[in-house]
Amino acid sequence: MGRLAGDLGVGIHLNSAVEEIVVDGGRASGVRVNGEAHSADAVLANADLPYVYRKLLPSAAGTRDFRFKLRKREKLLYTASSFMMYLGLDRELDHLSHHNVYLSSRYEENFRQIFDERRLPDDPSFYTNVPSRTDRNAAPEGMESLYVLVPTPHLGENVDWEKEGPAFKEKMYDLIEEKAGIPDLRSHVAYEKIKTPQDWLSDYNLEEGAAFGLGHGIFQVGYFRPPMVSKAVPNLYFVGASTRPGTGVPLVTIGAKLVAGRMGRELLGSTSAVGV
Ligand SMILES: Cc1cc2nc3c(=O)[nH]c(=O)nc-3n(C[C@H](O)[C@H](O)[C@H](O)COP(=O)(O)OP(=O)(O)OC[C@H]3O[C@@H](n4cnc5c(N)ncnc54)[C@H](O)[C@@H]3O)c2cc1C
């Protein structure tokens, strides 16, 4: 995608966190990165929409749209999140498929603990992916890459990841050993990376550490989902999981196509646009 964008004349600045979307006279006039202003005819924000309103738009704080969103923010419902294990193993996993789903025998309790009690499940369901089963470039010869996704609540007062995270990880190692049939798993781990909802917040600015952005309850889908263009800042556009149509790579990609078309129509004759 980077190469394709480059061929189309798009400039990509890596490791350049946007600090502010600058709004002058009710219109977005660009972004500020490392204290430096970059002017633009329009801004398309791909960072998580609630975070954009809360953190990147201070100069729009006086506008009706911003106050509205800030007030409503307390009421927004977020998706669940995930605890992730990215493992490199020094053995092969011939008995596993590319996709493997392990459902808790206490299925309803598992959902209740995540969505109602908002705490870590006692007997989690989980998903594992072994990309090296179908793509031998995903691990060295004789080894395997193993990705483990465990649905958990998003950040909240009922889970202290600093305290509970290490024990939850050990629980998962035991469960994977048992359910995925990998005896003595820990001794085969050549590489380990763990991500918790705290990392989704700190690394990607996902509000509440919700891995999939805003939830899809009836009052947060379709017309009710935050729109792709700001009501108060008419040349500020949004794309991504927390705007329309919703979360997941296919929907986000459809959203990108829709917003690109809209910007093309509305900005006809403009010379530049900045993507966040
Ligand atoms: C563990 C996990 C597994 C998933 N599995 C699937 C799956 O199997 N299928 C599926 O369809 N979807 C899956 N999803 C969901 C899917 O990945 C997301 O819905 C989708 O990537 C969201 O796209 P986005 O463009 O909104 O956000 P992102 O892809 O997160 O892009 C937003 C970008 O904005 C950047 N950013 C944030 N703040 C700033 C700032 N201030 N300045 C500059 N840049 C900033 C972030 O670093 C990030 O790169 C999964 C998500 C997770 C977390």
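**The ligand and its surroundings in a two-domain chain**

A backbone N or O atom of Ala 241 is placed 2.7 Å from an oxygen atom of the ligand. This contact belongs to a predicted model, and the account below starts from the ligand and moves outward. Taken by itself, the ligand would expose 1,000 Å², and the protein buries 65% of that area.

Side chains add further polar contacts. In Asn 46, an N or O atom of the side chain is 2.8 Å from an oxygen atom of the ligand. Asn 205 approaches a nitrogen atom of the ligand instead, with a polar side-chain atom at 2.9 Å. The ligand is thus met by the backbone of Ala 241, by the side chain of Asn 46 and by the side chain of Asn 205.

The wider shell comprises 22 residues around the ligand, and the closest of them are Val 18, Asn 46, Ala 241, Gly 248 and Val 249. By residue class, the shell divides into 15 nonpolar and seven polar residues, with no charged residue. Several elements of secondary structure supply at least two shell residues each: the strands β5 (81-89) and β8 (144-152), together with the helices α6 (197-204) and α7 (249-266). The largest share, three residues, comes from α7.

How is the chain divided into domains? Domain 1 consists of two segments, 2-76 and 213-275, while domain 2 spans 81-204. Their C-alpha centres are 32 Å apart. The shell around the ligand nevertheless draws on both, with at least three residues from domain 1 and at least three from domain 2.

Strand β8, one of the elements that supply the shell, also contains Ser 145. Ser 145 has a relative accessible area of 14%, which lies under the 20% limit, and therefore counts as buried. Its side chain reaches the backbone oxygen of Ala 138 at a distance of 3.2 Å.

Another buried position is found in a loop. Ala 42 lies between β3 (36-39) and β4 (43-45), and its relative accessible area is 0%, so the residue counts as buried. Along the chain Ala 42 is 12 residues from Gly 30, and the C-alpha atoms of the two are separated by 7.0 Å.

Aromatic rings offer a further view of the model, which holds 12 aromatic pairs. One of these pairs, Phe 111 with Phe 115, is stacked, with 6.1 Å between the ring centres and 20° between the planes. Both residues belong to helix α4 (residues 107-115), where they are four residues apart, about one turn of the helix. Is this pair buried or partly exposed? Phe 111 counts as partly exposed because its relative accessibility is 38%, and Phe 115 is likewise partly exposed at 45%.

Trp 161 and Phe 168 form an edge-to-face pair, with centres 6.1 Å apart and planes at 85°. Here Trp 161 counts as buried because its relative accessibility is 5%, and Phe 168 counts as buried at 3%. Ring pairs also join Phe 83 to Trp 161 and Phe 168 in a cluster.

Technical notes
Residues are numbered from 1 along each chain as its sequence is written. This is a predicted model: local features need pLDDT of at least 70, side-chain atom pairs count only at pLDDT 80 or more; totals for chains, interfaces and linings use all residues. Side-chain values use heavy atoms; hydrogens and water are left out. A residue is near a molecule or strand if one of its heavy atoms lies within 4 Å of it. A polar contact is a pair of N or O atoms within 3.5 Å; within protein, one must be able to donate a hydrogen and the other to accept it, and residues adjacent in sequence count only if both atoms are side-chain atoms. Accessible areas come from the Shrake-Rupley method with a 1.4 Å probe; for residues, only the protein chains shown count as cover. Ala, Val, Leu, Ile, Met, Phe, Trp, Tyr, Cys and Pro count as nonpolar, Asp, Glu, Lys and Arg as charged, and the others, Gly among them, as polar. Domain bounds come from an automatic or database domain assignment. Rings of Phe, Tyr and Trp (its six-membered ring) pair if their centres lie within 6.5 Å; planes under 30 degrees apart count as stacked, over 60 as edge-to-face and the rest as tilted. Buried means under 20% relative accessible area, exposed over 50%, partly exposed in between (1.4 Å probe, protein chains only).
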